[in-house]
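Please walk me through this structure, stop by stop. I have it open in a viewer and would like to know what to select next and what is there.

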Amino acid sequence: MSKIEQVTHDPDWQEPYGLSLGIKANGLVFVSGQIGNDETDELVGPDFVSQARQTFKNIRTVMEAAGGSLSDIVKLTIMVKDISAARKIKPIIDEFFAKPYPATTLFQVVSLGHTEALLEIEAIAVAR
């Protein structure tokens, strides 16, 4: 039987919505979809680049709370509201990751849970 553990952080910006920041199970960390909000649940800005940077900072915070780091991430799923903004994501990924980069899927969505969010990213990592 595998152990399933909720990843928590104080403050936990997803707890008011009944969501987990992440789950550790079977040697993996599953990071819930993150957006460009700060710890008070406010978006950091209206533009794609600032939201993307904050989103990766949030993922880093969750990974650290899980006892890991961004280098443990093996898979990213990136959802964007405007596919033309996708070209802006590579330089930001380079700020947070080194080779080998995580396997990545990127696609456009009609809407996200936060109406003003421009992207959402979820991750899967190897647990430490």
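**Surface and overall form**

Start with the whole molecule and turn on its surface. The protein exposes about 6900 Å², and carbon and sulfur atoms supply 54% of that area. Keep in mind that this is a predicted model.

Now switch to the C-alpha trace. Along its principal axes the trace spans about 45 × 35 × 25 Å. The radius of gyration is 14 Å, which agrees with the value near 14 Å for a compact globule of 128 residues. Of these 128 residues, 42% count as buried.

Next, choose the cartoon view and colour by secondary structure. The protein has two helices and six strands. Read from the N terminus, the order of the elements is β-β-β-α-β-α-β-β. Contacts in the protein often link distant parts of the chain: among those with a separation of 6 or more, 67% are between residues 24 or more positions apart.

**Charges and salt bridges**

Colour the charged residues. There are 12 positive and 17 negative charges, and the mean positions of the two groups are 10 Å apart. The structure holds four salt bridges, and three of them are stops on this tour.

Select K3 and E5. These two form a salt bridge, with 3.8 Å between the closest N and O atoms. K3 counts as exposed, because its relative accessibility is 64%. E5, at 35%, counts as partly exposed.

Select R53 and E95 next. Their side chains meet in a salt bridge, 2.8 Å from N to O. R53 belongs to helix α1 (residues 48–65) and E95 to helix α2 (residues 89–96), so the pair ties together parts that are 42 residues apart in sequence. How accessible is each partner? E95 has a relative accessible area of 44% and is partly exposed. R53 is also partly exposed, at 33%.

For the third pair, select D72 and R128. They form a salt bridge whose closest N and O atoms are 2.9 Å apart. D72 sits in the loop between α1 and β4 (73–80), while R128 is in the segment after β6 (119–126), so this salt bridge ties together parts that are 56 residues apart in sequence. Is D72 buried or exposed? With 11% relative accessibility, D72 counts as buried, because the limit for that is under 20%. R128, at 61%, counts as exposed.

**Between the two helices**

Go back to helix α1 and select V49, which lies in it. V49 is partly exposed, with a relative accessible area of 26%. Show what surrounds this residue. Leaving aside neighbours within four places in sequence, V49 is in contact with K88 and I92. Then add P91 to the selection. The C-alpha atoms of V49 and P91 are 9.6 Å apart in space, although the two residues are 42 positions apart in sequence.

**Backbone details**

The last stops concern the backbone itself. Most residues other than glycine have a negative phi, and most peptide bonds are trans. The places below depart from that pattern.

Select N26, in the loop between β2 (22–25) and β3. The phi of N26 is near 50°, a positive value in a residue other than glycine. With 61% relative accessibility, N26 counts as exposed.

Move on to D41, in the loop between β3 (28–34) and α1. D41 has a positive phi of about 70° although it is not a glycine. Which residues does D41 touch, not counting those up to four places away in sequence? They are W13 and Y17. Include Q14 in the view as well: D41 and Q14 are 27 residues apart in sequence, and their C-alpha atoms are 8.4 Å apart in space.

Finish with K99 and P100. The peptide bond from K99 to P100 is cis, with omega near 0°. To find the spot in the cartoon, look at the loop between α2 and β5 (103–108), where P100 is found.

Note on methods. Residues numbered from 1 in each chain as written. Predicted model: local features only at pLDDT ≥ 70, side-chain atom pairs only at ≥ 80, totals over all residues. Heavy atoms only, no water. Helix = DSSP H or I, 4+ residues; strand = E, 2+ residues; numbered from the N terminus. Rg over C-alpha atoms; globule rule 2.2 N^0.38 Å. Buried < 20%, exposed > 50% of the residue type's maximum accessible area, 1.4 Å probe, protein only. Contact = heavy atoms within 4.5 Å. Areas by Shrake-Rupley, 256 points an atom, 1.4 Å probe, with all protein chains shown as cover. Lys, Arg positive; Asp, Glu negative; His and termini not counted. Charge placed at Lys NZ, Arg CZ, Asp CG, Glu CD.
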